[in-house]
Amino acid sequence: MPGITLELIRKRSEHNEGEIATLEEIALHQENIDKIELLDRTCRHLKILLLQNNLIGKIENLGRLKRLEYLNLALNNIEAIENLEGLESLKKLDLTVNFIGDLRDVRKLRCNENLEQLFLIGNPCADYSGYRDYTIATLPQLKELDGTVIERSERIKALQFCARIEGEIIRSHREYRKTRENERIRGNAEVESNRNKTDSESEEENDRFWKRVSRHTPEERVLIAERAARKEERRSKRDNQDKRPAYVPKLFSPEGRPYNTNQPKIPFTLNYDRRDIVVLEVLVYKYLDTDYVDVDVQPEYVRVTIKGKILQLTLPCEVSVEGSKAERNTTNGKLVVTMPRLEPLPIIGKREPEGNEKKVVSKEDRGRMGRTGQQSSTTMREYLEIGPATDSHMDFSRIVCSEHKRTKPVNTDRETECNDWDNPDVPPLE
């Protein structure tokens with residue numbers, strides 16, 4: 001039977017981005033787990049643990065979970081309440097439909113002072129006469145039993161009849177234990193016989209097993225689980241035989257030239273515009289574990305394998321394998337592969353004169369020079385630009401001053417008007 005592994009815990013902790021150490025809630029139901037292990041060492045911060053519908057036969061390895069508040073062990077093969085003393089914060093315990101026969105085991109829950117809800121319905125002990133009164137009287141911290149609120153008057157009556165009920169509880173458990181011993185011997189024999197004839201199992205025998213009436217025992221549940229697992233294994237083998245062989249992409253040409261292929265169909269960007277490096281950015285799934293990603297850099301190509309699927313790209317130039325590095329963004333999961341070029345790209349630009357080399361200037365260029373010996377901006381713009389100047393600076397190099405000064409204009413009309421005042425030919429005003 002499968003057990004609890006790190007791979008299973010990581011698979012069920014995707015809601016916490018795969019972080020196991022800080023995990024507060026995990027659901028491990030319907031996994032055919034037969035033993036509780038590993039959780040107390042890897043998930044110390046657990047508050048909710050769901051282990052229902054498995055094949056767990058014993059409560060164990062939970063004492064270090066000091067923060068655990070809710071433990072669900074319903075539909076398992078548990079026969080005794082034990083090893084829960086270390087769960088200091090436990091508030092709710094669900095043991096529905098198990099095989100607990102000794103009701104006196106509830107006394108082991110007295111040390112769980114924060115326990116408020118307990119579910120024992122579906123166990124043999126829940127059928128005993130006085131089951132509810134005995135449980136209420138034994139656990140004063142309980143507020144609900146099997147989903148029913150415990151009233152104050154009910155608790156007072158249970159405390160009054162507790163001593164009388166305990167004798168009936170002991171007799172009922174003694175009878176159940178005799179019946180249980182016979183079932184255990186018979187069930188173990190059937191399980192062992194079933195394991196020995198796995199190869200010689202016929203279809204008729206298999207059909208007869210699934211049509212028969214099953215017993216409600218832990219051994220019967222184990223037998224059914226093993227039969228179901230073998231049936232699923234045979235079905236998967238038939239399906240694999242009918243399937244076509246998996247497609248294997250061609251990565252190289254007959255001449256050894258690498259091909260471009262994107263088997264996982266994942267977005268990527270290959271940036272080779274920079275002078276000294278080539279950068280590949282792959283949009284890897286955010287919650288994909290880095291263990292499923294592998295990067296291989298070669299001088300002429302780069303290959304990224306994501307869960308067995310290959311993304312291969314031919315590089316535009318040769319790169320350095322030793323200087324290459326791959327990094328993963330912790331926020332969005334993007335993979336960035338940086339690969340240095342073996343030969344950086346040359347710089348394209350104007351060559352400047354070296355040392356004391358003199359620049360030869362033609363007569364035409366000399367005429368365009370100003371007094372400082374530098375070429376005027378206006379002259380340069382006439383040869384290099386079309387349209388209005390882009391700057392707001394004015395050029396005063398073409399302003400020419402005349403030797404003759406301009407005379408101020410004379411208002412002749414005003415002068416004539418003034419001279420007419422003393423003219424004797426003008427008659428006086430009447």
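These exercises walk through a predicted model, each with a worked solution. Residues are numbered from 1 along each chain as its sequence is written, and side-chain values use heavy atoms, without hydrogens and water. In this predicted model, local features need pLDDT of at least 70, side-chain atom pairs count only at pLDDT 80 or more, and totals for chains, interfaces and linings use all residues.

**Exercise 1: a sheet**

Find the order of the 4 strands in the open sheet, then name the edge strands.

*Solution.* Start with the terms. Strands (E, at least two residues) and helices (H or I, at least four) are DSSP runs, numbered from the N terminus. Two strands pair if DSSP finds at least two bridges between them.

Step 1. The order is E8-E13-E12-E11, with antiparallel pairing.

Step 2. Strand E8 (261–262) and strand E11 (293–297) are the edges; each pairs on one side only.

Step 3. Look at E12 (residues 301–306) and E13 (residues 309–314). They share 6 bridges. Thr 305 has Ile 310 as its bridge partner in E13. Tyr 301 stands opposite Thr 314 in E13.

Step 4. Turn to the hairpin of E12 and E13. It has 2 residues between the strands, and Lys 307 takes a positive phi near 50 degrees.

Step 5. Finish with E8. It pairs with E13 over 2 bridges, and Thr 261 stands opposite Gln 312 in E13.

**Exercise 2: two sides of a helix**

Sort residues of helix H5 (residues 203–211) into buried and exposed.

*Solution.* Buried means under 20% relative accessible area, exposed over 50%, and partly exposed in between (1.4 Å probe, protein chains only).

Step 1. The buried residues are Glu 205, Asn 206 and Phe 209.

Step 2. These residues cover an arc of only 100 degrees around the axis, so they lie on the same side of H5. The arc is that of the directions from the helix axis to the C-beta atoms.

Step 3. Glu 203, Glu 204, Arg 208 and Lys 211 are exposed on the other side.

**Exercise 3: positive phi in a loop**

Compare the accessibility of Asn 32 and Leu 38.

*Solution.* Most residues other than glycine have a negative phi.

Step 1. Asn 32 has a positive phi of about 55 degrees. Leu 38 has a phi near 75 degrees.

Step 2. Asn 32 sits in the loop between strand E1 (25–27) and helix H2 (39–42). Leu 38 lies in the loop between E1 and H2.

Step 3. Asn 32 is partly exposed at 32% relative accessibility, whereas Leu 38 is buried at 15%.

**Exercise 4: salt bridges**

How many salt bridges does a search of the whole structure find? Place some of them.

*Solution.* A salt bridge is a side-chain nitrogen of Lys or Arg within 4 Å of a carboxyl oxygen of Asp or Glu.

Step 1. The search finds 20.

Step 2. Glu 31 and Arg 12 form one, at 2.4 Å, N to O. The pair links distant parts of the chain, 19 residues apart: Glu 31 is in the loop between E1 and H2, Arg 12 in the loop between H1 and E1.

Step 3. Lys 237 and Glu 233 form another, with the closest N and O atoms 3.9 Å apart. Both lie in helix H6 (residues 218–242), 4 residues apart, about one turn of the helix.

Step 4. Shared partners join Glu 79, Arg 180, Glu 181, Arg 184 and Glu 219 into one network of salt bridges.
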